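I sat down with this model and a fresh notebook page. Here is what I looked up, entry by entry.

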Amino acid sequence: MKRITLFVLCAMILLLAACSAGQTASTEPTDAPATEAAATSNRPEDSASTMLPQYKYTLNGSHEVKGRQGVCSEGDYYWVSGSTTLAKYDKNWNLISINEDPFKGYEIEVNHIADIDVYQNELYIGAEYFMDGVGKNIQVAVYDGDTLELKRTFPFEPESGQLECSGIAVNPDNSTVWMCSWVGEESGRYLYSYDLKSGKYQGKVHMQMPPQWLQGIAYYNGCFYMTADDGTADDKEPDHLYRTKIEEGATDCIVTLERTFDDVTLQGEIEGLTFDQDNSQLLLLYNRGARIVLGMPKGFYDGYDHEISEVFVYDMAPRG
């Protein structure tokens, strides 16, 4: 009896110590809590430290732009995509040029540009025909970073199971191009890879505990970062940033919550993202004012008569 009592007492002490440690963990309101991020790991080899947010993000400011879909950065320039436009800005957010007829030169019909990326002054774009939540005619398209004109397209692999393209990212470390899908169920649970040079489809990676309603993807310092429109704007719920690392030859990957965006002007629709490596900044495109139904603007919220697209700039600092 004494042994049982002693055992119970020890167990209670250990439980109280664990609870105390959880209560004293330091977190910031807009970053993923350590306990929540660590819980995304379901593999014994994943340590808690690798599942924590990688950076602290401090809002530096925002800039209204012509384009509601995506943003990318390279050298002295930024590029912004609208559903039917491509725009180029300098580092002071002065508009340099805009292409308002970007679909010239396609062999199949497309009407929608998603989040974008840039590599060696070429813009990589996920183009498709999109209407009321349904995508078809998906294309990996490459544009000239100066003229904003179409140069070439990659052959899409329909057997991949991808039903829509909401974002695209170049991984220069292994010369690959990756796409994500806003459409849920099977299509939205994977990231899809193509060879950067040949355009050949290479396969897909299954995201464990995948985010809902992926909107953009970017590659930075060995990891992929993804935005998800998983907050309900009508209820003023914030959207989120997620992170994953894909090992060579892997068929799946663990997804970690990186940040909660509760500091934007108004909760609306999160879109694409990029990293300004020269300035250690995250650039995030956010739309506000329009009511979005099945991925399409359908009227406006009170106080708005048009949609406003803004790039929010966050200074980044590695977590110590």
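**Entry 1: an open sheet**

I began with Leu59, whose bridge partner in S22 is Tyr314. This is a predicted model, so I read every value here as computed from it. Stepping back from that one pair, I counted nine bridges between S1 and strand S22, residues 308–318, and the two run antiparallel.

I then followed the sheet across and found four strands in the order S1-S22-S19-S18, an open arrangement with antiparallel pairing. Which strands stand at the edges? They are S1 (55–64) and S18 (269–276); each has a single partner strand, so one side of each is left without a neighbour in the sheet. I also noted the twist, which averages 25 degrees from one strand to the next. As a reminder to myself, strands of a sheet pair through backbone hydrogen bonds, either parallel or antiparallel.

**Entry 2: S10, S11 and S12**

Next I went to S11, and I asked how many of its five residues are buried. The answer is five of five, so I wrote the strand down as mostly covered. I checked its two faces as well: Thr176, Trp178 and Cys180 are buried on one side, and Val177 and Met179 are buried on the other.

S11 has pairing on record with both S10 and S12 in my notes. With S10 it pairs in the antiparallel sense over five bridges, and Gly167 has Cys180 as its bridge partner in S11. With S12 the pairing is again antiparallel, over four bridges, and there I found Thr176 opposite Asp195.

S10 and S11 form a hairpin with four residues between them. Ser175 sits in that turn, in the loop between strand S10 (167–171) and S11. Its phi is positive, about 55 degrees, although Ser175 is not a glycine. That made me pause, because most residues other than glycine have a negative phi. Is Ser175 buried, exposed or partly exposed? Its relative accessibility is 23%, so it counts as partly exposed.

**Entry 3: other positive phi values**

I looked for further cases and stopped at Lys236, which has a positive phi of about 60 degrees and is not a glycine either. I located Lys236 in the loop between strand S15 (223–228) and strand S16 (239–244). Lys236 is exposed, with a relative accessible area of 63%.

Another hairpin gave me one more. S8 and S9 have five residues between them, and Leu148 in the turn has a positive phi of about 65 degrees. Four bridges join S8 (residues 134–144) to S9 (residues 150–154), and the strands run antiparallel. I picked out Ala141, whose bridge partner in S9 is Thr153.

**Entry 4: the cavity**

How many cavities of 30 Å³ or more does the model hold? I found one, and about 110 Å³ of space lies in the largest cavity. Its lining consists of Arg68, Gln69, His112, Phe130, Glu164, Ser166, Trp182, Gln215, Glu269, Glu271 and Gly295. Sorted by class, I have two nonpolar, five polar and four charged residues in that lining.

**Entry 5: aromatic rings**

I turned to the rings and found 17 aromatic pairs in the structure. One of them is formed by Phe130 and Trp182, edge-to-face, at 6.0 Å centre to centre with 75 degrees between the planes. Phe130 lies in strand S7 (residues 122–131) and Trp182 in the loop between S11 (176–180) and S12 (190–195), so the pair ties together parts that are 52 residues apart in sequence. I was pleased to meet both residues again, as Phe130 and Trp182 are also in the cavity lining.

I checked how covered the two are. Phe130 counts as buried at 6% relative accessibility, and Trp182 counts as buried at 11%.

There is also a cluster to note: Tyr55, Tyr57, Tyr220, Tyr225 and Phe275 form one aromatic cluster.

**Entry 6: Thr256 and Pro53**

My last look was at Thr256, which has its place in strand S17, residues 252–261. Its relative accessibility is 2%, so Thr256 counts as buried. What separates the C-alpha atoms of Thr256 and Pro53? I wrote down 7.6 Å, for two residues that are 203 residues apart along the chain.

Methods:
Residues numbered from 1 in each chain as written. Predicted model: local features only at pLDDT ≥ 70, side-chain atom pairs only at ≥ 80, totals over all residues. Heavy atoms only, no water. Pairing = 2+ DSSP bridges. 1 Å grid on protein atoms, 1.4 Å probe; cavity = no way out; pocket = protein on both sides within 12 Å on 5 of 7 lines; lining within 4 Å. Points joined across faces, edges and corners; volume = space filled by probe spheres on them. Nonpolar A, V, L, I, M, F, W, Y, C, P; charged D, E, K, R; others polar. Axes fitted to C-alpha atoms, helices over the stretch in contact; angles between N-to-C directions. Phe/Tyr/Trp six-rings, centres within 6.5 Å; stacked < 30°, edge-to-face > 60°. Buried < 20%, exposed > 50% of the residue type's maximum accessible area, 1.4 Å probe, protein only.
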